[in-house]
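Here are my notes on the model you sent over. Have it open while you read.

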Amino acid sequence: MKKQIRNFAVVAGAATAAFALAAGPASAVPSTVWTVNPTPASFTAANSGNVVLSVNGIAMTCTKSNASGTMASATGNPATVASISAIAFGATGAPCTSVLGNVTTVATTPWTVVAQDYTAATGVTKGYVGNVDAKVTVGACVFRVTGKASGTYTNSTGKLAVNSVSGELTVVSSTNCGSAVPVGAKPLFKGDYLVKVAGTSTIPTIVGSNP
Amino acid sequence: MRGPRPTPRSTRVRARGATIAAFVALAPLLPAAAVAVGTLKVDAALPYVCTLPSGQQPATVRIRATVPDRATVGETIEAADAGTTLELPAAAVAELTALKAATVRAETLLTVGVGQNGESTDVAWRGTTQPSAVPADGPLTLTSTGDVPALTTGTAGDLTLTAGSLAVDLAPSTADGAPTSPASLSVSCVPGPDAAGRTGLAVIPVTPGAVTTPSPSTPTAPPSGPSFPPPPSSPSSPALPSGAPSAPTGRETASTTTGAPRDPASASGAAKGPRVAADGTPGTTAGRPKAPPCITEQPTSTSLSAYITGYSNVRKLDGASLIPVSCVQLEQGEPVIDFRPDGTLHLLQKSEGSLRYQGRKQSPPFSSTFLTFGFAPTTATLVLEQAGPLIVESDVLLVFPDNIAETYIRVPLVLRVLDVEVNGTRLDVGPDCRTVTPLASPEPQPAKYPGDHLVLLGKGQLLNGTDATGYVLTSGGPLTGEVTVPAFKGCGAGGENLDRLLTASISGPGNHIRQIQGQTCAVGVEVPTEGQCTADRQPYVVPKPER
């Protein structure tokens, strides 16, 4: 039984890892100066395509998700280039759904956007959404997820593509969720967000360099 | 209780036609004192333009209701005696006669704009008509009555009601009572150009309430119904308390009867909730459509409650009986991951619960009217009594990235007859008139689940990152099944045995059931999800029956 659980998780994890690897090779020298333009600025983000959180193969789909926060240039590696002060999953009339029922997610913010690697040729920053902390309720089943979720940000499109790798997120508490969502389960989070400078249609950019 | 009036024809044909039953729902639970002494009669006849399959036709829509002539902040504003009359012109009637329709029944949905201080929202006034004969020529007048939402507002200022679009679903029947082909005709109507400036139905001044203002300045002579300033946002009230006014919230309340029996569609209206509160305060009971109380006593962290309603065909009568909005309370089982020998991965969940009505494990009583043997209008008041545990078992096949769910609900239910009226004469069925055994469905696993019981199946799925669809235990959806109604016994009093009458009328196999379950309220969780529970933790979502 246990073996099969592992296999299942490995398959899911492998699929995600393959995607992450395909995102682009790391640059030779790690960036330590991160130039965000404009800086500082507020941003908003809305999902492009459905956002899916899955645990043990149970998928939870959100057709609507929005986030907002602030961003600013930073130094170091890794470096926090943005702070997500609010993130909503689902909306009135468009709740997140699953085969266990409608899903309510309440995020404890701020979450962070952390840059780790920049590819000048593509304008793609690799990094992760950090400080993730969310309480998920499905019927009487309530669980809390914490951790981080790997992703990329593409300057040309303003797309923040979050695609977590197994092990980054962990269920740290769980009530009435049985073995479906036990403590220690490793959920996967996948979703694309289009980022704009708040109140505008301007796509912000992140450029990493090593002066 | 009058059933449809078939035109004279052979007994056999008449029997079939007549058994297209005019079912009656429960008497509306309208608090009689709900309508205040000071009332305002709304009676507006407006020119509408209706779109039929053949094109647009002018039509006259008359809207009537009685509303309070004033209200205070937080007070419930209920419209009573609401009715909509649609006069379809001869050209529209021709579309019905072309379908060989002899009678027609209609469901109506009038959108009423509610405005206050620049805020506005829409509420739905739903209604149903009695079956009406389709004239060979000339116009057809359809008068619908039904349930309309009650309103409350947290802000002072004139509250305006404005007539909007009218959607009409026509269900025509041929002379022998069969549905026409197609079986329904949808007509959508909007106020015509000539209605401009006349769609205002009422202005109800809302004052801050007795606590703050004895209000000599309160308008005491509200404008009469139809004469109404068009812009609902016109600020005609004095300065308001600071803060954004909350949008009015709706609570559906039974409003009207014209002495006419209510048919199942009418009762369906009772369950159709204008989700006004979605824009307002979903947590309050006031935002919820009318439904019987469903408070879970001594809840646990896994307690769920939900409303369920729907139709059960009575095959023998060629009709359907409405099972009214009923409260179901469950203890949600822990979901368990199950690895099958065939390598598939399943998520299993077994929950147990019961129907609840006034402390008993049963449905609310409900009435069905039909013409037994083609001539005797019979109204039976029925109740479904639970004779054993209600078990909900979900089996979700997890095939990454898809999740396929099947949920079986099993419950032994005895159909009890409380009262029967034949041709207006009440027959005493006695205190113990029930089916001999529980209703019985075909059971896919008879060895595991012996005994007679109802089986309902709900199917749901989530495919590749899209939304879940279909039935899911905690968010509800459609459940279907088929049931055999056993013979009745114990029916009759004073030496008269009614067992055979009821058995002959109702009992038999192959009765299709379709129930719609609403979103559950997770009663025991720390913070219930908005829009799922009322403030006192009853289910917020009241489903409407579907055929």
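1. Take helix α2 of chain B, residues 90-98, in this predicted model. Its buried residues are B:Ala92, B:Val93 and B:Leu96. Looking down the axis of α2(B), you'll find these buried residues inside an arc of 100°, so they line one face of the helix. The general background helps here: an α-helix has 3.6 residues a turn, so residues three or four places apart point the same way.

2. What covers that buried set? For α2(B), the cover over the buried residues includes a run of chain B strands: β1 (39-52), β2 (55-68), β4 (80-88), β5 (103-116), β8 (140-145) and β10 (157-173).

3. Have a look just past the end of the helix, too. B:Lys100, just after α2(B), takes a positive phi of about 65°.

4. Now the contact between the chains: chain B puts in 34 residues and chain A 33 residues. On the chain B side, the elements giving two or more residues are β16 (336-339), β17 (345-356), β20 (390-399), β21 (402-411) and β25 (454-462). The largest share of that side is three residues, from β16(B). By type, the chain B side splits into 19 nonpolar, 13 polar and two charged residues.

5. Over in chain A, there's an open sheet of three strands, ordered β6-β1-β16 and paired antiparallel. Its edge strands are β6 (74-75) and β16 (205-209) of chain A, each pairing on one side only. Strand β1 of chain A (residues 33-37) pairs with β16(A) in the antiparallel sense over five bridges. If you want a spot to check the register, A:Asn37 stands opposite A:Thr205 in β16(A).

How values were computed:
Residues are numbered from 1 along each chain as its sequence is written. Chains are lettered from A and ligands numbered from 1 in the order in which they are written. This is a predicted model: local features need pLDDT of at least 70, side-chain atom pairs count only at pLDDT 80 or more; totals for chains, interfaces and linings use all residues. Two residues are in contact if their C-beta atoms, placed from the backbone, lie within 7 Å. Helices (H or I, at least four residues) and strands (E, at least two) are DSSP runs, numbered from the N terminus. Ala, Val, Leu, Ile, Met, Phe, Trp, Tyr, Cys and Pro count as nonpolar, Asp, Glu, Lys and Arg as charged, and the others, Gly among them, as polar. A residue is buried if 20 or more other C-beta atoms lie within 10 Å of its own, exposed if 12 or fewer, and partly exposed in between; C-beta atoms are placed from the backbone. The arc is that of the directions from the helix axis to the C-beta atoms. Two strands pair if DSSP finds at least two bridges between them.
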